[in-house]
Protein chains: 2
Amino acid sequence: MSDGMSKATLPGLAQIRDEIDRLDADIQALISARARCAQQVALVKQAEDPEATVFYRPEREAQVLQKVMARNEGPLHPEEMARLFREIMSACLALEHPLRIAFLGPNGTFTQTAALKHFGHSVQTVPLNTIDEVFREVEAGAVNYGVVPVENTTEGIVTHTADSFLTSSARIIGEVELRIHHHLLVAEGTRVESISRIYSHQQSLAQCRKWLDAHFPKAERVAVSSNAEAARRIKGEWHSAAIAGETAADMYGLVKRHECIEDNPSNTTRFLIIGTESVSPSGEDKTSIVVTMKRNQAGALHDILAPFAARGINLTRIESRPSKNDIWTYVFFIDFEGHQDDPRVREVMSELDPVVSDVKVLGSYPRAVL
Amino acid sequence: MSDGMSKATLPGLAQIRDEIDRLDADIQALISARARCAQQVALVKQAEDPEATVFYRPEREAQVLQKVMARNEGPLHPEEMARLFREIMSACLALEHPLRIAFLGPNGTFTQTAALKHFGHSVQTVPLNTIDEVFREVEAGAVNYGVVPVENTTEGIVTHTADSFLTSSARIIGEVELRIHHHLLVAEGTRVESISRIYSHQQSLAQCRKWLDAHFPKAERVAVSSNAEAARRIKGEWHSAAIAGETAADMYGLVKRHECIEDNPSNTTRFLIIGTESVSPSGEDKTSIVVTMKRNQAGALHDILAPFAARGINLTRIESRPSKNDIWTYVFFIDFEGHQDDPRVREVMSELDPVVSDVKVLGSYPRAVL
């Protein structure tokens, strides 16, 4: 606040609060009008299909949130504003039929956080014990959608999720990204200047290397099996620190001495939303496919990648896995930018067809907005 | 939907969506204006007190939510609309200084749910291991507020929370109520017609008596130590069911055969928000006091209750606990309607003073809105 701003130039509290009350009444009237529109959408869709009960359109929600973020002028952060609109859409949608969302439990995990980030809080979340169960409940129609973790920028792909797609008819209808932060944790009472050893998983140490070079150039860095293990170790050590996340700090009652020390602040875990229907283009889409190679195919990777390169289609991920049916063949999970209805993507798919043993589209879906 | 409503009388989807887009732009502009007002409030308060960093006013938030619910005309449920405003206020408040809220952990418990219900999602929640720690962190100023469970319509008062108030300087600044539902749980594969035995805590059995009479008149009802214990028992029994909540169903992987079977749908758990400042009247307030009796005081309860009765002040709770200092004296925890600044309440307090050994106001705070 500027020193030149005196109390006299500011409006009184009562005056500002009256203004807030007027704004609230207007906001409420508009949200109610929006809810009535959502009811009309449901009526239109039921006129088309009298059996319809679910009116969630991933591509439409993504477009709304993109617009919200693009036109945001502050003071709220665009992501915070988008979060509020996510909740408004969630409430409007639940008027018709609250969505049931299965996720890899238990309650309180990152996957539940991802589910609520994607669908808002006006849904029922159903924790399940295994990734397989999430796929099964979605296929059986016992829930509307499922949420499963798929890859972490630190740890790579969650292999179990990838494998489930090989045998399931569930499709990908969306993705969610959660940012994961690293903190420097110490036991209560530890003095920063006494820290001579820092424990963490090797990849976390690598991810915080520059920060460590700048702040703890002389401390010994010790790689252990996981960040949680690092946190556990320092519980009783007053000359040590650990690099780990929020959960580990809570679990072992440690103090966060420095927060968010990762060199690359975009360290994320990615989750997939699975369902049974396909999604129309939103304008900002990704497509996931799984390609099974022909046996002993020479130059396999080149054959797959050439059609994408020729059309300037960006691959966002490629990962190979042994096939479940034939130990000598490999499957490739490939994510790329674009929707399966795009002409360029259709061309790529038709070119892949003759050179591979099989290609399956797991889904086209809006790119994560937040 | 009426059969008479034909597709032709409905507006087209594109038309409704354009309308929604216009509404969203207006909603966003108003929320941004509201956020700017919140920034002004902060400036005004900092002009009064340059050290001020926290601008949360429980009584003001309660008033806003009361207005929202009173003027709500649907189609959204008033509680759902209030929830959206809670999130909007939470986001605006976090612009200045995100609140840190300690709660009785771990993550994923009802107490965390209560904290987020009360403060919205734009706060940092800090899980602590014990109720004592929550009190301590609040007193030390390490967090802005704390959330602790205090009573359950089924199980009565959480004695540990009550006792903590006896020795703490923390005050009550708010309350939250969460509705708790009972479900009929069975192991996967159990056929409803084969259920011959139903386990639960005695109070839960009592709370679902009418439903059980109607649906399972012949099944044996077995009272066990807790609902979680009931859920654990039936894990491997195909002729049994348990009455328990969501959490127990998740924990033991049971199926909810019937949901919300409690006869009285207002079964709630109550939580208190503790802080260090006192709260101004909101117009719909409660006050909590703890009264220590004089030793061997005859007609003690009558002496306490008479001043309230004389002024028509409603008691919402009264609970006696042995004093920590003297095993032969009792303390009474009393909640009643009204604020300690109300003249009637002041009169009651001055009348209590000579007849009891000690009376301590734990706080006056807005009644739970949602």
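Begin by selecting Pro75(A), which sits in the loop between H2 and H3 of chain A. The model on the screen is a predicted one.

**Stop 1: the loop between H2 and H3**

With Pro75(A) selected, add Gly74(A) and display the backbone. The peptide bond that joins Gly74(A) to Pro75(A) is cis, with omega at about 0°. Most peptide bonds, by contrast, are trans.

Next, move to chain B and select Pro75(B), which is placed in the loop between H2 and H3 of chain B. The bond leading from Gly74(B) to Pro75(B) is also to be inspected: this peptide bond is cis, and its omega is near 0°.

Remain in chain B and select Asn72(B). This residue belongs to the loop between helix H2 (58–71) and helix H3 (78–94) of chain B. Is Asn72(B) buried or exposed? Its relative accessible area is 14%, and because the limit for a buried residue is under 20%, Asn72(B) counts as buried.

Now show the side chain of Asn72(B) together with Leu76(B). The side chain of Asn72(B) reaches the backbone oxygen of Leu76(B) at a distance of 2.8 Å. Which residues does Asn72(B) contact, once its neighbours within four places in sequence are set aside? In chain B they are His77(B), Pro78(B) and Met81(B), and in chain A they are Gln28(A) and Ser32(A). The contacts with Gln28(A) and Ser32(A) lead to the next stop.

**Stop 2: where chain A meets chain B**

Colour the two chains separately and select the residues in contact between them. Chain A contributes 62 residues to this contact, and chain B contributes 62 residues. The size of an interface is often expressed as the accessible area that is lost when the parts come together. Between chain A and chain B, the buried area is about 6,000 Å², and carbon and sulfur atoms give 67% of that area. Select Gln28(A), Arg60(A) and Pro75(A) together: they supply 11% of the area that chain A buries against chain B, more than any other three residues. Pro75(A) is the residue with which the tour began, in the loop between H2 and H3 of chain A.

How many salt bridges are found across the interface of chain A and chain B? There are 8 salt bridges. To view one of them, select Arg34(A) and Asp24(B), whose side chains meet in a salt bridge with an N to O distance of 2.6 Å. In addition, 19 residue pairs are in polar contact between chain A and chain B, counting pairs with both residues at pLDDT 80 or more.

Then select three helices of chain A: H1 (13–48), H2 (58–71) and H3 (78–94). These are the elements that give two or more residues to the side of chain A that touches chain B. Of these, H1(A) provides the largest share of that side, with 30 residues. Colouring by residue class shows that the side of chain A touching chain B has 32 nonpolar, 11 polar and 19 charged residues.

**Stop 3: a residue in helix H3 of chain B**

Select Ala82(B), located in helix H3 of chain B. The relative accessibility of Ala82(B) is 0%, and the residue counts as buried. Apart from neighbours within four places in sequence, Ala82(B) is in contact with Leu65(B), Val68(B), Met69(B) and Leu370(B). Draw a distance from Ala82(B) to Leu65(B): their C-alpha atoms are 5.8 Å apart, although 17 residues separate them along the chain.

**Stop 4: strand S1 of chain A**

Return to chain A and select Leu104(A), which is found in strand S1 (residues 100–104). Leu104(A) counts as buried, at 18% relative accessibility. The C-alpha atoms of Leu104(A) and Ile131(A) are separated by 5.9 Å, while the two residues are 27 residues apart along the chain.

**Stop 5: Cys260 in each chain**

Select Cys260(A), in the loop between strand S10 (255–258) and strand S11 (268–275) of chain A. Most residues other than glycine have a negative phi. Cys260(A), which is not a glycine, has a positive phi of about 55°. Its relative accessibility of 39% makes Cys260(A) partly exposed. In chain B, Cys260(B) has a positive phi near 55° and is partly exposed, with a relative accessible area of 38%.

**Last stop: chain A as a whole**

Finally, display the whole of chain A, whose secondary structure comes to 12 helices and 15 strands. Of its 370 residues, 51% count as buried.

How values were computed. Residues are numbered from 1 along each chain as its sequence is written. Chains are lettered from A and ligands numbered from 1 in the order in which they are written. This is a predicted model: local features need pLDDT of at least 70, side-chain atom pairs count only at pLDDT 80 or more; totals for chains, interfaces and linings use all residues. Side-chain values use heavy atoms; hydrogens and water are left out. Contact means heavy atoms within 4.5 Å. Buried area is the accessible area (1.4 Å probe) that two parts lose on being put together, summed over both. A salt bridge is a side-chain nitrogen of Lys or Arg within 4 Å of a carboxyl oxygen of Asp or Glu. A polar contact is a pair of N or O atoms within 3.5 Å; within protein, one must be able to donate a hydrogen and the other to accept it, and residues adjacent in sequence count only if both atoms are side-chain atoms. Helices (H or I, at least four residues) and strands (E, at least two) are DSSP runs, numbered from the N terminus. Ala, Val, Leu, Ile, Met, Phe, Trp, Tyr, Cys and Pro count as nonpolar, Asp, Glu, Lys and Arg as charged, and the others, Gly among them, as polar. Buried means under 20% relative accessible area, exposed over 50%, partly exposed in between (1.4 Å probe, protein chains only).
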